[in-house]
Amino acid sequence: GRFVIDVNEFPDERALFSGAPTLAAHLKRTLKPARDAITSQIHEHRYWAHWDKREKLFEAVESLDRFIVLTIDTRVPVFMFTDDHISLYSDKVIVIASDAPAVLGTLSSSLHFAWFEGTRPPRGATSTYVVSRCLRTFAFPPDSAELTAAALNFSNARDDALAKVKSPTSLYNELDRPGAQSSVVRNLRDTLVQLDRAVADSYGWSDL
């Protein structure tokens with residue numbers, strides 16, 4: 001329900017006031033004092049712009065029909081594809097510039113979840129997925145036709161399940177609950193097992 005105006009395109013204050021005078025006056029009155037009070041780690045001289053916006057990341061995302069997103073604060077990391085290039089993603093959303101099913105599948109596997117459990121900050125049941133600790137240190141396996149197929153099967157099964165469950169959190173709670181034996185949950189479990197086997201095989205761990 002909120003609309004965002006991206007004013008990063010204005011190179012200087014004169015251009016801002018020329019292009020959007022009412023908005024410029026508002027930003028100078030309300031935003032500039034707060035930005036001027038910040039004295040450390042300033043990487044952007046334009047007080048009106050989104051600071052530390054990942055320009056190269058969003059350029060890469062713009063060239064893709066879909067890309068991967070993840071909420072930072074989570075019990076279980078739920079990596080999902082989205083094709084929404086219009087929304088402005090907050091710093092609580094991780095954006096990964098990949099449209100590869102194998103990447104989504106590997107990140108969604110139990111193997112990556114084990115890595116997340118070993119690298120995440122210890123903050124109780126709900127933790128933070130830290131890119132520098134959990135993602136950049138993670139070694140992806142070689143892609144394969146088997147891994148891509150298993151990833152697509154899992155993604156499709158999860159999409160079907162999410163159409164029947166109110167949220168990803170609710171779905172993953174059901175997935176972990178031994179007493180949950182609905183056809184939707186059983187099918188998702190089966191595709192996750194197949195995905196885990198395909199990921200392990202891609203690493204060369206067929207003897208697990």
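This section describes the pockets, selected helices and individual residues of a predicted model.

Two pockets were examined. The largest pocket encloses about 830 Å³ of space, and its lining comprises 23 residues. Arg-54, Leu-57, Ser-90, Asp-91 and Val-93 are the lining residues that lie nearest the centre of this pocket. Three elements, helix 4 (55–62), strand 4 (93–96) and helix 7 (131–135), each supply at least two residues of the lining. Of the contributing elements, strand 4 gives the most, with four residues. In chemical character, the lining of the largest pocket divides into 15 nonpolar, three polar and five charged residues.

The second largest pocket holds about 490 Å³ of space and is lined by 19 residues. Nearest its centre lie Asp-6, His-85, Ile-86, Ser-87 and Leu-88. Here helix 4 gives the most to the lining, with five residues. The lining of the second largest pocket consists of nine nonpolar, three polar and seven charged residues. Helix 4 thus appears in the linings of both the largest pocket and the second largest pocket.

Asp-91, one of the residues nearest the centre of the largest pocket, is located in the loop between strand 3 and strand 4. With a relative accessibility of 66%, Asp-91 counts as exposed, because the threshold for that class is over 50%. Asp-91 is separated from Arg-2 by 89 residues in sequence and by 16 Å between C-alpha atoms.

Val-4 belongs to the segment before helix 1 (13–19). This residue also counts as exposed, at 52% relative accessibility. Beyond its neighbours within four places in sequence, Val-4 is in contact with His-50 and Leu-88; Leu-88 is also among the residues nearest the centre of the second largest pocket. Between Val-4 and Ile-96, which are 92 residues apart along the chain, the C-alpha separation is 22 Å.

Helix 8 (residues 145–162) was considered next. Its 18 residues should span 26 Å at 1.5 Å a residue, and the end C-alpha atoms are 26 Å apart, so the expected and modelled values agree. Within helix 8, the buried residues are Leu-147, Ala-150, Ala-151, Phe-154, Ser-155, Ala-157, Arg-158, Ala-161 and Leu-162. These residues cover an arc of only 165° around the axis and therefore lie on the same side of helix 8. In general, an α-helix has 3.6 residues a turn, so residues three or four places apart point the same way. The buried residues of helix 8 pack against strand 3 (80–82), helix 5 (101–108), helix 9 (168–176) and helix 10 (183–203).

Leu-152 also lies in helix 8, but its relative accessible area of 35% makes it partly exposed. The C-alpha atom of Leu-152 is separated by 9.4 Å from that of Thr-191, a residue 39 places away along the chain. Thr-191 is part of helix 10 and, at 8% relative accessibility, counts as buried. Apart from neighbours within four places in sequence, Thr-191 is in contact with Asn-153, Phe-154 and Ala-157. Of these contacts, Phe-154 and Ala-157 are among the buried residues of helix 8, and helix 10 is one of the elements against which the buried residues of helix 8 pack.

Helix 5, another packing partner of helix 8, is largely enclosed by the rest of the structure, because seven of its eight residues are buried. The buried residues are Pro-101, Ala-102, Leu-104, Gly-105, Thr-106, Leu-107 and Ser-108. Val-103 is likewise found in helix 5. Not counting residues up to four places away in sequence, Val-103 touches Ile-68, Ser-98 and Phe-140. Val-103 and Leu-147 are 44 residues apart along the chain, with their C-alpha atoms separated by 9.3 Å; Leu-147 is one of the buried residues of helix 8.

Contacts of helix 5 also involve helix 6 (residues 110–119), in which His-112 is found. The relative accessible area of His-112 is 0%, so this residue is buried. Leaving aside its neighbours within four places in sequence, His-112 is in contact with Phe-79, Thr-106, Leu-107, Tyr-129, Cys-134 and Phe-138. Among these, Thr-106 and Leu-107 are themselves buried residues of helix 5.

Note on methods:
Residues are numbered from 1 along each chain as its sequence is written. This is a predicted model: local features need pLDDT of at least 70, side-chain atom pairs count only at pLDDT 80 or more; totals for chains, interfaces and linings use all residues. Side-chain values use heavy atoms; hydrogens and water are left out. On a 1 Å grid over the protein atoms alone, a cavity is a set of points where a 1.4 Å probe fits but cannot get out, and a pocket is an open set with protein on both sides within 12 Å along at least five of seven lines; lining residues have an atom within 4 Å of a point. Grid points are joined across faces, edges and corners, and a volume is the space filled by probe spheres set on the points. Ala, Val, Leu, Ile, Met, Phe, Trp, Tyr, Cys and Pro count as nonpolar, Asp, Glu, Lys and Arg as charged, and the others, Gly among them, as polar. The expected span of a helix is 1.5 Å times one less than its number of residues. Buried means under 20% relative accessible area, exposed over 50%, partly exposed in between (1.4 Å probe, protein chains only). The arc is that of the directions from the helix axis to the C-beta atoms. Contact means heavy atoms within 4.5 Å.
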